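Please open the structure in a viewer and set the display so that single residues can be selected by number. The tour proceeds by selections, and each stop states what is found there.

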Amino acid sequence: MNHAAVLLLPAVIVAAAQEPAPVLAQTRTPEGKAILLRLQFRKGLSVEGKALPRAFLTKAADVSGWVSFENLSPQGKRWALAALFPEDQWRQEEVRHRVGHPDVESVWTMAALFTGHGQNYDRLMVENPDLPEKLREGDVWRIPRSLLSADLGGTGKRPDRSQPEDELDDEARVAAYRGMLSFGEDGQGKYAAYRLRKGEALYSSVVIRYTDRVDPKGVNELADLIAKRSGITDVRGIQPGQVVKIPVNFLADPFQSEGSSGLAEEREVRAEVRRTVRVEAGPMLKGVRIILDAGHGGVDPGARANGLWEADFVYDITMRVRRLLEQETEAQVSSTIRYPGLGFKSREAIRTPSHAAEILTNPPFAVDGESPSAVSVHLRWVLANDLFAAFRKTQGDAQKTLFLSFHADSLHPSARGSMIYVPGAALVPSTFALGGARTGLVAEVRRSGRVTFTGREKLQGEARSRQFSEALLKALRKDSIPIHANRPIRNVIYRGHGKWVPAVIRYSTGATKALIEVANLTNEDDAANLRDPDFRERYAAAVVNAIRAYYRK
Ligand SMILES: [Zn+2]
């Protein structure tokens with residue numbers, strides 16, 4: 001290549017605390033104009049637009065700011081890659097890519113740039129069996145012509161554009177996090193090593209991100225264990241660069257080592273997400289059946305912290321979602337629970353806990369402590385499934401059924417923002433029947449108290465629910481509503497020594513189902529948000545926007 005050598009500038013853009021600073025490189029266009037390239041963790045490559053020649057751009061490209069790699073023409077892409085990675089060798093049969101910025105690059109990024117889609121990262125790894133997934137400076141990765149994108153002169157298949165990459169941000173994020181681990185073994189067994197970056201804490205950047213623990217006790221205990229295992233004596237005095245060893249049996253599925261069943265299940269679900277074609281209902285949500293569930297209520301106030309209690313606040317958000325859906329769409333909406341003194345209304349100020357609540361079965365079931373609260377939890381999914389069954393019986397489209405349960409949690413205080421639980425396919429049973437004398441009178445239990453799921457249904461359930469969760473995160477982000485910093489979509493709850501999927505979504509026959517933890521009550525900023533009726537309204541509006549976005553192909 002004949003352009004000026006790449007000059008690495010100190011990073012001037014401040015990245016989010018947990019992310020490495022972007023790499024900035026200065027180069028020249030063929031006309032000799034100076035231009036900046038920027039490589040960002042997870043976000044990939046972009047080029048300063050102002051001086052780019054027309055021939056380097058696709059028709060759609062907007063040149064007022066940074067032009068993303070996707071909006072460069074084949075010629076522009078070739079040029080940008082050569083400028084950013086001057087030591088790469090472009091051969092007839094393959095590209096040999098030398099890793100220059102291991103902090104920012106990942107196998108996902110490499111796959112996105114060279115093959116046209118990050119989802120090819122596993123194929124790239126197969127082509128380079130001797131190289132670790134955690135990139136090292138100077139490693140040379142082979143990208144065979146058969147994987148290279150058509151834009152770059154390869155014969156790689158065009159990526160499946162039914163799922164644009166930005167809608168799979170969770171998969172990219174998880175792949176990037178995975179790329180920051182390296183696996184090893186010592187006298188104490190197998191571990192995944194992670195090197196702490198500046199500003200990172202063991203709690204949030206290791207335990208909450210890489211394991212399934214989020215509750216305060218579980219996070220603290222595991223942080224202590226990992227510290228000890230890593231030879232750290234003072235958790236408060238950890239320096240950047242410290243290598244932390246996470247015993248492999250504590251890793252969440254996406255971070256398990258190659259060949260493990262957890263990782264295989266994770267990949268199967270991701271593949272299902274990609275295969276699953278969205279259901280189209282149009283902006284008015286015509287023909288969509290939605291059941292809204294507000295967690296807890298009655299004698300059960302739910303989680304408590306910072307002067308707030310979960311039940312009334314999530315009930316209020318749920319009622320706002322209900323009102324917006326009724327006002328603005330043609331979706332058919334029902335609730336599982338009602339506070340008799342309040343009806344389906346929302347409130348500006350929430351001063352004291354409501355003590356009465358009933359599940360809307362026939363007859364209604366008062367959540368008054370007469371029966372264990374487990375009964376009221378089960379009646380929610382039973383009622384919802386019964387309503388879905390009635391909907392299907394009247395020619396309703398089974399694919400257009402959505403169940404949403406609203407909660408707020410009390411997690412480790414370092415965590416904040418929304419987190420969404422989807423039903424992990426591996427933890428949904430093939431059959432379950434609700435028994436017990438106390439539920440015998442409820443008509444819905446007799447009709448719908450028993451569920452069965454095929455393997456295919458479990459997989460589809462998780463995949464669709466993940467797609468919805470992506471749409472929800474996008475809508476929340478768009479309105480600057482805080483989202484959990486580390487893996488905001490989870491498919492399992494882990495407490496003590498058990499792991500499970502919450503019953504309301506585990507047994508739901510809705511095609512799409514999610515349990516939304518709107519905020520972490522233990523976090524003061526989150527609590528202040530929940531107290532604010534404007535925030536609750538914004539939250540509800542974002543949920544409705546997400547539902548609308550989800551039902552557009
Ligand atoms: Zn809850």
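The stops below cover the domains, an interface, the metal site, salt bridges and some backbone details.

**Domains**

The coordinates are those of a predicted model. Begin by colouring the protein chain by domain: domain 1 covers 1-86, domain 2 covers 177-272 and domain 3 covers 276-550. Next, keep domain 2 and domain 3 in view; their C-alpha centres lie 30 Å apart. The contact between them draws on 23 residues from domain 2 and 23 residues from domain 3.

**The interface of domain 2 and domain 3**

The size of an interface is often given as the accessible area lost when the parts come together. Between domain 2 and domain 3 the buried area is about 2,000 Å², and carbon and sulfur atoms give 52% of it. Select D212, V214 and E272 in domain 2: these residues lose the most area to domain 3, together 35% of what that side buries.

Keep E272 selected and add R456. The two form a salt bridge, with the closest N and O atoms 3.1 Å apart. The count of salt bridges between domain 2 and domain 3 is three, and twelve residue pairs are in polar contact across this interface. Which elements give two or more residues to the side of domain 2 that touches domain 3? They are α5 (202-210), α6 (216-229) and α7 (261-275). Of these, α7 gives the most, with six residues.

**The zinc site**

Now centre the view on the zinc ion. H296 (NE2), E310 (OE) and H407 (ND1) coordinate it at 2.1 to 2.2 Å. Along the chain, these donors follow the spacing H-x13-E-x96-H. H296 belongs to the loop between β12 (289-294) and β13 (304-305), whereas E310 is in helix α8 (residues 310-328); the two are 14 residues apart. Is E310 buried or exposed? E310 is buried, at a relative accessible area of 3%.

**Salt bridges**

Side chains of opposite charge can pair when their charged atoms come close. The whole structure holds 41 salt bridges, and a few are worth selecting in turn.

Select D186 and R229, whose side chains form a salt bridge at 3.0 Å, N to O. This pair joins strand β9 (residues 181-186), which holds D186, to helix α6, which holds R229, across 43 residues of sequence. D186 is partly exposed, with a relative accessible area of 26%, while R229 counts as buried at 11% relative accessibility.

Move on to D215 and R495, a salt bridge in which the closest N and O atoms are 3.7 Å apart. D215 lies in the loop between α5 and α6 and R495 in strand β24 (residues 493-495), 280 residues apart. D215 is buried, with a relative accessible area of 11%; R495 counts as partly exposed at 30%.

Then take R380 and D293, where the closest N and O atoms of the salt bridge are 2.9 Å apart. R380 lies in helix α9 (residues 373-393) and D293 in strand β12, so the pair ties together parts that are 87 residues apart in sequence. Both R380 and D293 are buried. Finally, select D170, R173, E266, R270, E462 and R466 together: salt bridges with shared partners join them into one network.

**A covered helix**

From that network, D170 and R173 lead to helix α4, where both are among the buried residues. Select residues 169-179 to show α4, in which eleven of eleven residues are buried.

**Backbone details and a loop contact**

Select N362 and P363 and inspect the peptide bond: it is cis, with omega near -10 degrees. P363 is in the loop between β17 (358-359) and β18 (365-366).

Next, select S480 and R487. S480 lies in the loop between α11 (455-478) and β23 (489-490), and R487 is also found in the loop between α11 and β23. Phi is positive at S480, near 55 degrees, and positive at R487, near 45 degrees. S480 is exposed, with a relative accessible area of 60%, whereas R487 is buried, at 4%.

The last stop is G241, in the loop between α6 and β11 (243-247). G241 counts as partly exposed, at 29% relative accessibility. Add R195, which is 46 residues from G241 in sequence and 5.4 Å from it in space, C-alpha to C-alpha. Beyond its sequence neighbours up to four places away, G241 touches R195 and L196.

How values were computed
Residues numbered from 1 in each chain as written. Predicted model: local features only at pLDDT ≥ 70, side-chain atom pairs only at ≥ 80, totals over all residues. Heavy atoms only, no water. Donors = N, O, S within 2.8 Å, 3.2 Å for Na, K, Ca; no water. Helix = DSSP H or I, 4+ residues; strand = E, 2+ residues; numbered from the N terminus. Buried < 20%, exposed > 50% of the residue type's maximum accessible area, 1.4 Å probe, protein only. Domains from an automatic or database assignment. Contact = heavy atoms within 4.5 Å. Buried area = accessible area lost by both parts, 1.4 Å probe. Salt bridge = Lys/Arg side-chain N within 4 Å of Asp/Glu carboxyl O. Polar contact = N/O pair within 3.5 Å; in protein donor to acceptor, adjacent residues only side chain to side chain.
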